[in-house]
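Grab a pencil and work through these exercises one at a time. Try each task yourself before you read its solution.

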Amino acid sequence: MALHSGLFLQPIMADSSSSSDSSSSSSSGSSEETFIRKPTRICDSPLAYADEGALPQPIDTLPYKFKISSYEYSPDTTISVMIYGGTFKGFFVRAFSKATKKPIGSWERSPELLGNNVCKAAMPAIRGQRDAVKMNWIAPQQGYGKLFFKISVAKDSCCYWPDIVIED
């Protein structure tokens with residue numbers, strides 16, 4: 001199993017003086033600039049909005065482990081994915097086709113797991129601390145191939161590890 005990290009947040013500059021709203025009556029003359037971390041797309045940056053002030057952490061500080069039952073799929077295959085190794089409160093997991101680099105499949109729902117059809121992702125149904133989570137990915141009805149997974153894990157309001165790529 002190989003782990004990679006890819007930060008999916010990009011700093012953008014918010015400039016309050018660039019507003020095109022001509023009905024604004026406030027004209028203080030000062031241009032206040034702030035740097036904001038904003039996701040490029042919500043499905044690509046699921047934990048960017050998790051907690052204000054939370055900072056992405058480098059992969060070499062990752063305390064969690066991942067167990068994936070297989071990286072190959074065929075119709076009706078179910079693959080189990082487990083996150084464990086420390087307390088965490090949030091996660092966002094997606095399976096990608098190695099051939100197309102696009103998210104595929106769906107996730108089995110459970111009382112503690114939501115499947116997001118728009119992003120083809122698994123995430124917690126109830127936000128709260130946990131030591132481990134196991135989820136089942138369900139292959140599409142057609143096709144065969146190899147997978148890789150992207151997993152983001154939020155420890156708490158301080159730290160998270162975004163876009164960890166796990167592949168065989």
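**Exercise 1. The overall fold**

How many helices and how many strands does the protein have?

*Solution.* Keep in mind that you're looking at a predicted model. Step one: count the helices, and you get zero. Step two: count the strands, and you reach 14. Step three: read along the sequence, and the pattern is β-β-β-β-β-β-β-β-β-β-β-β-β-β.

**Exercise 2. Inside and outside**

Work out what share of the protein is buried, and what its surface is made of.

*Solution.* Start with the residues: the protein has 168, and 38% of them are buried. Now turn to the surface, which comes to about 9800 Å². Carbon and sulfur atoms account for 50% of that area. Finish with the contacts: among those between residues at least 6 apart in sequence, 71% join residues at least 24 apart.

**Exercise 3. The disulfide**

Find the cysteines joined by a disulfide, then decide for each whether it is buried or partly exposed.

*Solution.* First, a quick reminder: a disulfide is a covalent bond between the sulfur atoms of two cysteines. Searching the whole structure turns up one disulfide. It links cysteine 158 to cysteine 159, with an S to S distance of 2.3 Å. Next, apply the cut-off: buried means under 20% relative accessible area. Cysteine 159 has 11%, so it is buried. Cysteine 158 has 40%, so it counts as partly exposed.

**Exercise 4. The largest nonpolar core**

Which residues touch the most other members of the largest nonpolar core, and which elements give it two or more residues?

*Solution.* This core holds 29 residues, and those touching the most other members are Phe66, Ile83, Val93, Met135, Trp137, Phe149 and Ile151. Now for the elements: β5 (65-68), β7 (78-88), β8 (90-97), β12 (130-138), β13 (145-154) and β14 (159-167) each give two or more residues. Apart from this core lies another one of five residues, including Cys43 and Cys119.

**Exercise 5. Zooming in on isoleucine 83**

Where is isoleucine 83 found, and is it buried or exposed?

*Solution.* Isoleucine 83 is found in strand β7. Its relative accessible area is 0%, so it is buried. Then look at phenylalanine 66: it is 17 residues away along the chain, yet the two C-alpha atoms are separated by 4.8 Å. Setting aside neighbours within four places in sequence, the contacts of isoleucine 83 include Phe66, Val93, Met135 and Ile151. Last, hop to isoleucine 151: by that kind of count, its contacts include Phe66, Ile83, Val93 and Trp161.

Conventions. Residues numbered from 1 in each chain as written. Predicted model: local features only at pLDDT ≥ 70, side-chain atom pairs only at ≥ 80, totals over all residues. Heavy atoms only, no water. Disulfide = S-S within 2.5 Å. Buried < 20%, exposed > 50% of the residue type's maximum accessible area, 1.4 Å probe, protein only. Core = buried A, V, L, I, M, F, W, Y, C linked by side-chain atoms within 4.5 Å. Helix = DSSP H or I, 4+ residues; strand = E, 2+ residues; numbered from the N terminus. Contact = heavy atoms within 4.5 Å. Areas by Shrake-Rupley, 256 points an atom, 1.4 Å probe, with all protein chains shown as cover.
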